[in-house]
Amino acid sequence: MDAVQIQFDPSSLLLINLILALMMFGVSLDLRAEDFRRIVREPRAPVIGLLAQFLLLPALTCLACWTLAIDPQLALGMQLVAACPGGSFSNIMTWMARGNVAVSVSMTAVSSLAAGVLTPLNFALYSWLNPYTRPLLTDIALDPLGLLLMVLLVLGLPLVLGMFIGRRFPLLTLKVEKPLRIFALLVMLAFVGLAFGRNWQQFLQHFHLFFWLVVAHNAMALLIGYGSARLSGLPVADRRAITLEVGIQNSALGLVIIFTFFPQASGMLLIAAFWGCWHLVSGLSLAWLWSRSAPDALPAEEATP
């Protein structure tokens, strides 16, 4: 694609890292060791969801970008988003959709921990496998160790700290968890809005390039989650949880990675920034649709695989 000059103040990088860490801290306040033990006792649904999240989605994203010969920078953005763990708002959307919140929370907890290794690994592997993105990946000289440390700092450390604070001060958690989630969402949306506002001419000029890619990619992620759960014969409530967990990606992490390691890759920014807005629209819409019917009230043909 033609060069796109994206205006971004490097000093804002610290702010977005802090926002992402705050979002992860807020989500983990409600997590307990029991959420991890639940996977050991009842592993089927979370494991299927995690395989869809970290195996199927990155692999099929790579295949689609390769087959369609998508512009390398845009393809790298799609590959990075696909390599990120589930977004922090999937738990809320699952609750709204009358899905299995326990499955969603378990997947969020494990995927956030696993992202420290799997996000850099999946991004580097599938970007290298795609012959269109491989030269660009070489040119920008990805630092795997630096990426690993950064993901651990903005995801792993806040998660562990949030779980400790939540267990030690349960009453405080009840008071601050909801305001923290709302604050983090509003600040993140404001940040994405600011990025669009400063570069609206560039975004409008290239709208036709990234809009349908993000919409189609997000739809593919939702379908991968739903299809994996349905083909595995999971209950409807589990299907809803897995669908939203796979379809709601942590694009905020993607933005942090882009601003830290690929500040010149403007096509990646177009993808990740619009993902940050669009998956909220698609996820909330799907949650609202599913909220109109309880899983146990669905027709027999829908409630069975």
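Where is Arg98 found? Arg98 sits in the loop between helix H5 (90–96) and helix H6 (101–129), and we'll come back to its backbone below. What you're looking at is a predicted model. The protein chain has 15 helices and 0 strands, and buried residues make up 54% of its 305 residues. Here's the tour, topic by topic.

**The chain as a whole**

- Take the contacts between residues at least 6 apart in sequence: 87% of them join residues at least 24 apart.
- The protein chain exposes about 13,600 Å², with carbon and sulfur atoms supplying 71% of that area.

**Nonpolar cores**

- In soluble globular proteins, nonpolar side chains tend to be buried together.
- Here, the largest nonpolar core has 54 residues. The ones with the most contacts inside it are Phe123, Ile242, Ile257, Met268 and Ile271.
- Plenty of helices chip in: H3, H4, H6, helix H8 (144–168), H11, helix H12 (236–247), helix H13 (251–261) and H14 each supply at least two residues of this core.
- Want to look at one core residue up close? Leaving aside neighbours within four places in sequence, Ile271 is in contact with Leu74, Gly77, Met78, Val81, Phe210, Leu213 and Val214.
- There's also a second, separate core of 12 residues, which includes Phe89, Met93, Leu244 and Leu286.

**Aromatic rings**

- A search of the whole structure turns up 5 aromatic pairs.
- In one of them, Phe211 and Phe274, the ring centres are 5.4 Å apart and the planes meet at 50°, so this pair counts as tilted.
- That pair links distant parts of the chain: Phe211 belongs to helix H11 (residues 207–231) and Phe274 to helix H14 (residues 266–291), with their positions 63 residues apart. Both Phe211 and Phe274 are buried.
- Phe274 also pairs with Trp278; their ring centres are 6.4 Å apart and their planes are at 20°, so this pair is stacked.
- Phe274 and Trp278 are both in helix H14, 4 residues apart, or about one turn of the helix.
- How buried or exposed are these two? Phe274 is buried, with a relative accessible area of 12%, while Trp278 comes out at 23% and counts as partly exposed. The cut-off for buried is under 20%, so Trp278 falls outside it.
- Put together, ring pairs link Phe210, Phe211, Trp212, Phe274 and Trp278 into a cluster.

**A charge over a ring, and the serine in helix H6**

- The charged end of Arg134 sits over the ring of Trp128, 4.6 Å from the ring centre.
- Arg134 also turns up among the contacts of Ser127, a residue of helix H6. Setting aside neighbours within four places in sequence, Ser127 is in contact with Leu76, Gln79, Asn122, Thr133, Arg134 and Leu137.
- Ser127 is buried, at 1% relative accessibility.

**The serine in helix H11**

- Ser228 lies in helix H11 and is buried, with a relative accessible area of 13%.
- Not counting residues up to four places away in sequence, Ser228 touches Ile48, Ala52, Leu56 and Leu223.

**Cysteines**

- How many disulfides does a search of the whole structure find? The search finds 0.
- A disulfide is a covalent bond between the sulfur atoms of two cysteines.
- Cys62 is in no disulfide, and the nearest cysteine sulfur, that of Cys65, is 7.2 Å away. The cut-off for a disulfide is sulfur atoms within 2.5 Å, so a gap of 7.2 Å doesn't qualify.
- Likewise, Cys65 is in no disulfide, with the sulfur of Cys62 as its nearest cysteine sulfur.
- Cys62 counts as buried at 5% relative accessibility, and Cys65 counts as buried at 0%.

**Positive phi in the loops**

- Back to Arg98: its phi is near 60°, a positive value in a residue other than glycine. Arg98 is partly exposed, with a relative accessible area of 40%.
- Ala69 has a positive phi too, of about 50°, although it is not a glycine.
- You'll find Ala69 in the loop between helix H3 (44–67) and helix H4 (72–83). At 41% relative accessibility, Ala69 counts as partly exposed.

How values were computed: Residues are numbered from 1 along each chain as its sequence is written. This is a predicted model: local features need pLDDT of at least 70, side-chain atom pairs count only at pLDDT 80 or more; totals for chains, interfaces and linings use all residues. Side-chain values use heavy atoms; hydrogens and water are left out. Rings of Phe, Tyr and Trp (its six-membered ring) pair if their centres lie within 6.5 Å; planes under 30 degrees apart count as stacked, over 60 as edge-to-face and the rest as tilted. Buried means under 20% relative accessible area, exposed over 50%, partly exposed in between (1.4 Å probe, protein chains only). A charge sits over a ring if NZ of Lys or CZ of Arg is within 6 Å of the ring centre and within 35 degrees of the ring normal. Contact means heavy atoms within 4.5 Å. A nonpolar core is a set of buried Ala, Val, Leu, Ile, Met, Phe, Trp, Tyr and Cys residues joined through side-chain atoms within 4.5 Å. Accessible areas come from the Shrake-Rupley method with a 1.4 Å probe; for residues, only the protein chains shown count as cover.
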